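Open the model in a viewer and keep the selection tool at hand. The stops below go from element to element.

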Amino acid sequence: MMTPQEILEALEAENAQSLFVHARLVRDSVFGKEVFQRGVVEFSNNCRKNCHYCGLRCSNANLERFALTKDEILSAVNMAVECGLGTVVLQSGEDADLDPRFIGDTIECIKELTDIPVTLCLGDHDRDIYKYWRACGADRYLLKMETFDRELHARFRPGQSVAGRLSRLEMLCNLGYETGSGLITGLPGMTPEILAHDLYRLSELPLGMIAVGPFIPHPDTSLGRSRSGCVEESLRATALLRIMNQGVNIPATSALDALLPNGREQGLEAGANVVMPSVTPESVRYEYSIYPGKNSSAGTVPESVSNLQQRLKAAGYQPSSARGGSPDRAAKFKDI
Ligand code: SAH
Ligand code: SF4
């Protein structure tokens, strides 16, 4: 494990080529050129929260709100399976009116349809609800810390705290979810020191998945005039995570793709081993605008997934339909 000081030096070094080479070597030794594919169903953009960075925040009135029906979600899941994606992720804002049974029923229907792993990315909920969804068959849960810096976290996630988010991650691990977390890099005020510390803290946790992507300002939020996070910094963060967390699944995030035409390939070149294409129906995909450029690819879902698969092959990778689980890193949450 690197120290926070060593991480900081790698983030600030003049040249990152040796860092990327090292990260690729580690990735190749664990996963080869296989790239796991997760189909993301973004089924609702309703959100009770008001995170300052996110276009779905409740105070954004310039957004047409939508929520898919169970049948629409199931047909998106079918599409993901037909496109050869090995797992699905159900993602949404935190709908104030969400009935946990809606999610529970949907998970059970997916499991009847196919035995692929189901990942949830639905934000903060009570332990009973997480437990119920797990009993319905959910396998994995993604809950990003965004940052461990207490001041920044409280500033950008009004009413929320690092301790609260961490305690939920611990709950999820203890309920038997394969748990994922991650960061937004380059949030306004996030110094390299804060990022180094965040990468260190993430790497201490018993996670199966870690995602980092650059901050992208959304014009309809209070951070709309801020600068984007630096792509290179996010790639260095990805490489450092790979070096410190060898067997963990790390996506080449779509935020990279939103900032660079070949952002995902660059993420893979920095040691990532997962892609997460959207399989959200075309009719609502645009409204899931967490940040501009998300889901901007033209064409139908099968076309955009197939484009991505062609890109991966052209870059020397093998898009895989495997379930892509991560080796269990720890039976229980470490001291935090
Ligand atoms: N509501 C859930 C899941 C949906 S948001 C939650 O908040 O956990 C999914 C992720 O989008 C967040 O975890 C955050 O890391 C990312 N995100 C939101 N706004 C962003 C922005 N402007 N730039 C980059 N990533 C952003
Ligand atoms: Fe809602 Fe998640 Fe966006 Fe925060 S990041 S406003 S919880 S969708």
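In which helix is D28 found? Select residues 17-31: this is helix α2, and D28 is found in it. The model is predicted. Colour D28 by accessibility and it comes out as partly exposed, because its relative accessible area is 29%, which falls between the limits of 20% for buried and 50% for exposed. Now draw a distance from D28 to A255: the two C-alpha atoms are 23 Å apart in space, while the residues are 227 apart in sequence.

**Helices α3 and α4**

Next, select residues 70-82 for helix α3 and residues 100-113 for helix α4. Two packed helices are described by the angle between their axes and the distance between the axes. For α3 and α4 the axes come within 10 Å and cross at roughly 35 degrees. The crossing is right-handed. To see what makes the contact, show side chains for K70, I73, L74, V77 and N78 on α3, and for F102, D105, T106, C109, I110 and L113 on α4. Sorted by class, the residues in this contact are seven nonpolar, two polar and two charged.

**Strands β2 and β3**

Move on to strand β2 (residues 87-92) and strand β3 (residues 118-121). The two strands run parallel and are joined by four bridges. To find the register, select Q91, which stands opposite C121 in β3.

In a regular strand the side chains alternate between the two faces of the sheet. On β3, V118 and L120 point one way, T119 and C121 point the other way, and all are buried.

**The nonpolar cores**

Stay on L120. Together with L199, L120 has the most contacts inside the largest nonpolar core, a set of 94 residues. Helix α9, residues 231-244, gives the most to this core, with eight residues. Which residues does L120 touch, not counting those up to four places away in sequence? Select L90, I103, I107, W133, A138, R140, Y141, L142 and Y177.

A second, separate core has five residues, including V40, C121, L142 and M209. C121 was seen above opposite Q91, and L142 was among the residues touched by L120.

**Strands β4, β5 and β6**

Select strand β4 (residues 140-142) and then β5. These pair in the parallel sense over three bridges, and L142 stands opposite G180 in β5. On the pairing of β5 with strand β6 (residues 209-214), the sense is again parallel, over six bridges. Here G180 stands opposite M209 in β6, and T185 stands opposite P214.

How many of the eight residues of β5 are buried? Select residues 178-185: seven of the eight are buried, so β5 is largely enclosed by the rest of the structure. For β6 the count is six of six, so this strand too is largely enclosed. Turn β6 to look at each side: M209, A211 and G213 are buried on one, and I210, V212 and P214 are buried on the other, so that both faces are covered.

**Loop residues E146 and V248**

Go next to the loop between β4 and α6 (150-156), where E146 has its place. Most residues other than glycine have a negative phi, and most peptide bonds are trans. E146 has a positive phi of about 70 degrees although it is not a glycine. Is E146 buried or exposed? E146 is buried, because its relative accessible area is 10%, under the limit of 20%.

Another loop to select lies between α9 and α10 (254-259), and V248 is in it. V248 has a relative accessible area of 1% and is therefore buried. Draw a distance from V248 to R150: their C-alpha atoms are separated by 26 Å, with the two positions 98 residues apart along the chain counted as their spacing.

**Helix α13**

For the last stop, select residues 301-314, helix α13, and pick out S304 within it. S304 counts as buried because its relative accessibility is 13%. Which residues is S304 in contact with, leaving aside its neighbours within four places in sequence? Show R285, S297 and A298.

Terms used: Residues are numbered from 1 along each chain as its sequence is written. Chains are lettered from A and ligands numbered from 1 in the order in which they are written. This is a predicted model: local features need pLDDT of at least 70, side-chain atom pairs count only at pLDDT 80 or more; totals for chains, interfaces and linings use all residues. Side-chain values use heavy atoms; hydrogens and water are left out. Axes are lines fitted to C-alpha atoms, for helices over the stretch in contact, and angles run from 0 to 180 degrees between N-to-C directions. A crossing is left-handed if the near helix is turned anticlockwise from the far one by less than a right angle, and right-handed if clockwise. Contact means heavy atoms within 4.5 Å. Ala, Val, Leu, Ile, Met, Phe, Trp, Tyr, Cys and Pro count as nonpolar, Asp, Glu, Lys and Arg as charged, and the others, Gly among them, as polar. A nonpolar core is a set of buried Ala, Val, Leu, Ile, Met, Phe, Trp, Tyr and Cys residues joined through side-chain atoms within 4.5 Å. Buried means under 20% relative accessible area, exposed over 50%, partly exposed in between (1.4 Å probe, protein chains only). Two strands pair if DSSP finds at least two bridges between them.
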